[in-house]
Amino acid sequence: MKKTDTNEYFVPTYARTNPPMVKGKGMYVWDASGKKYLDFSSGIAVNALGHAHPEMIKTLKDQGTKLLHVSNLYHVQPQIDLAKQLIANSFGEKVFFCNSGTEANEAAIKFSRKCAGGMSKKKYNVLSFHEGFHGRTYGALSATAQEKFHAGFGPMMKGFYYAKFNDIADAKAMLRKHDFAGIIVEPLQGESGINAATTAFLKFLRTWATKHKIALIFDEVQCGMGRTGTLWNYEQHGVVPDIMTLAKPLGGGLPLGAVVCSKKIAEVIKPGDHGTTFGGNPLACALGTVVLKTVAQKSFLRSVNANGKYLKAQLEKIAKKNDSITAVLGVGLMVGVRMKDDPKDVITSCKESGLLLVKAANNTARFMPPLIVQKKDIDKAIEIFSQVLTS
Ligand SMILES: Cc1ncc(COP(=O)(O)O)c(C=O)c1O
């Protein structure tokens, strides 16, 4: 039989490797050859409850046999349940469901513009920050202040300006220059290699946004839902946004995004202003209720915190002995190991040795295990990582 390279079927947006992954359970996934991998990538911060979580499988079966889709012209119970849970567990008063992080950010940008008066008041600009990442569709991409993602796809949308992350003076200078409708920021940048916003920076943005009636949007697509040891990362700064965008772990592995916002934002949006065919799909929302109910438990968050601290401490021990590591960054179970050189080969060798990590910018290897990780899994990951570094 002719051996085919499976990459020949795909637009090469990813440098995928073979053999394909075929199953997962708990902290582990298996490929088609039977090789087992300890998953410290969580599908890039998605599989918060690991793989094949029993309650998620039960929910999939229950909801899957009841109702898969009826359109957003009608209410569906799982959407109502998840919206109620999101509101009960955050600053939010209203929810809009979509399918992904980029769509959540598109909606947030649109809502902020409509709220500010948009074109009619010439108040439509959006401020975002260098090294942030907000998605691949044109609004979210235009808000992503990184040339490497724009290259070849220009022009970007009108009305987007950028300032330096964590630089109050630079943000202030830009905010004074133009009339803004919104400010979008990741409180903990993920794709750029785990850069935390300072509390002072977020407080400045909050104060400015309130004073100038601008929507403050926190993109918690990667850092939200318990990943950093509190349900939402903004809690650690004591700074509350007007809009928060979510996706990744929200649907437990099915596509689901959300905009969580204040009533004030929501009340300017009228039926027909925005929409989605699939957003808030009943199956994804049913899984979302299981994920959110689980990760919102105090005992669960305590274990994310304890395991996050343990993981960081173990990585710091390795960093002390190994000068190829320049820093260990992050909070909770969103941890980045900064290296002197591109960590691509280290990540590939870790995979060959049965450990999945994810690369981020600035020579960073991300450790983002499912939030159900235990000390024994961390010990195993550390053993593989340090063996790869020494070899
Ligand atoms: C902070 C942040 N926002 C938005 C996105 C885009 O999400 P999606 O890939 O679901 O469109 C990502 C994806 O990595 C992200 O990390």
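Trainee: Let's begin with helix α4: how far does α4 reach from its first C-alpha to its last?

Mentor: Happy to start there, and keep in mind that this is a predicted model. Helix α4 has 16 residues, for which 22 Å would be expected at 1.5 Å a residue. The computed reach is close to that expectation, at 23 Å.

Trainee: And how many of the residues of α4 are buried?

Mentor: The helix is mostly covered. A residue counts as buried once 20 or more other C-beta atoms lie within 10 Å of its own. Of the 16 residues in α4, the number that are buried is 14.

Trainee: Which residue follows α4, and what is its phi?

Mentor: The residue just after the helix is glycine 117. Its phi is positive, near 105°.

Trainee: Now to the ligand: which helix gives the most to the shell around it?

Mentor: The ligand is surrounded by 14 residues, and the closest are Ser100, Gly101, Thr102, Val221 and Gln222. The top helix contributor covers residues 101–116 and supplies 3 residues to the shell. That helix is α4.

Trainee: How do the residues of that shell divide into nonpolar, polar and charged?

Mentor: Glycine is counted among the polar residues here. With that in mind, the shell around the ligand divides into 3 nonpolar, 8 polar and 3 charged.

Trainee: Let's turn to the strands. Which residue stands opposite lysine 25 in β2?

Mentor: Strand β1 (residues 21–25) and strand β2 (residues 28–31) run antiparallel and are joined by 4 bridges. They form a hairpin with 2 residues between them, and glycine 26 in the turn has a positive phi of about 60°. Across from lysine 25 stands tyrosine 28.

Trainee: In the hairpin of β2 and β3, which glycine takes a positive phi?

Mentor: β2 pairs with strand β3 (residues 36–39) in the antiparallel sense, over 3 bridges. Within that pairing, valine 29 stands opposite tyrosine 37. The hairpin has 4 residues between its strands, and the residue with a phi near 95° is glycine 34.

Trainee: Which strands stand at the edges of the sheet, and why is one side of each left without a neighbour?

Mentor: The sheet is open, with 4 strands in the order β1-β2-β3-β15 and mixed pairing. β3 and β15 run parallel and are joined by 2 bridges, with aspartate 39 partnered by leucine 356 in β15. Each edge strand has a single partner strand, so one side of it has no neighbour in the sheet; the edges are β1 and β15 (355–356).

Trainee: What is the omega of the peptide bond from glycine 154 to proline 155?

Mentor: Most peptide bonds are trans. The bond from asparagine 18 to proline 19 is cis, with omega near -5°, and proline 19 is found in the segment before β1. Proline 155, in the loop between α7 (147–150) and β6 (160–163), also follows a cis bond, with omega near 0°.

Trainee: Lysine 122 has a positive phi although it is not a glycine; is lysine 122 buried or exposed?

Mentor: Its phi is about 55°, and lysine 122 lies in the loop between α5 (118–121) and β5 (125–129). A residue is exposed if 12 or fewer other C-beta atoms lie within 10 Å. Lysine 122 has 12 such atoms, so it counts as exposed.

Trainee: What about isoleucine 194: buried or exposed?

Mentor: Isoleucine 194 also has a positive phi, of about 65°, although it is not a glycine. It is found in the loop between β8 (188–189) and β9 (195–196). With 27 C-beta neighbours inside 10 Å, isoleucine 194 counts as buried.

Trainee: Where does the largest nonpolar core lie?

Mentor: This core has 111 residues, and those with the most contacts inside it are Ile183, Ala258 and Val259. Helix α11 (residues 282–295) gives the largest share, 8 residues. Because both domains give residues to the core, it lies between domain 1 (54–295) and domain 2 (298–391).

Trainee: One last item: how far apart in space are proline 241 and valine 185?

Mentor: Proline 241 sits in the loop between β10 (215–219) and β11 (243–246) and is buried, with 29 other C-beta atoms within 10 Å. Proline 241 and valine 185 are 56 residues apart in sequence, while their C-alpha to C-alpha distance is 10.0 Å.

Definitions and conventions. Residues numbered from 1 in each chain as written. Predicted model: local features only at pLDDT ≥ 70, side-chain atom pairs only at ≥ 80, totals over all residues. Near = placed C-beta within 6 Å. Pairing = 2+ DSSP bridges. Expected span 1.5 Å × (residues − 1). Core = buried A, V, L, I, M, F, W, Y, C linked by C-beta atoms within 7 Å. Domains from an automatic or database assignment.
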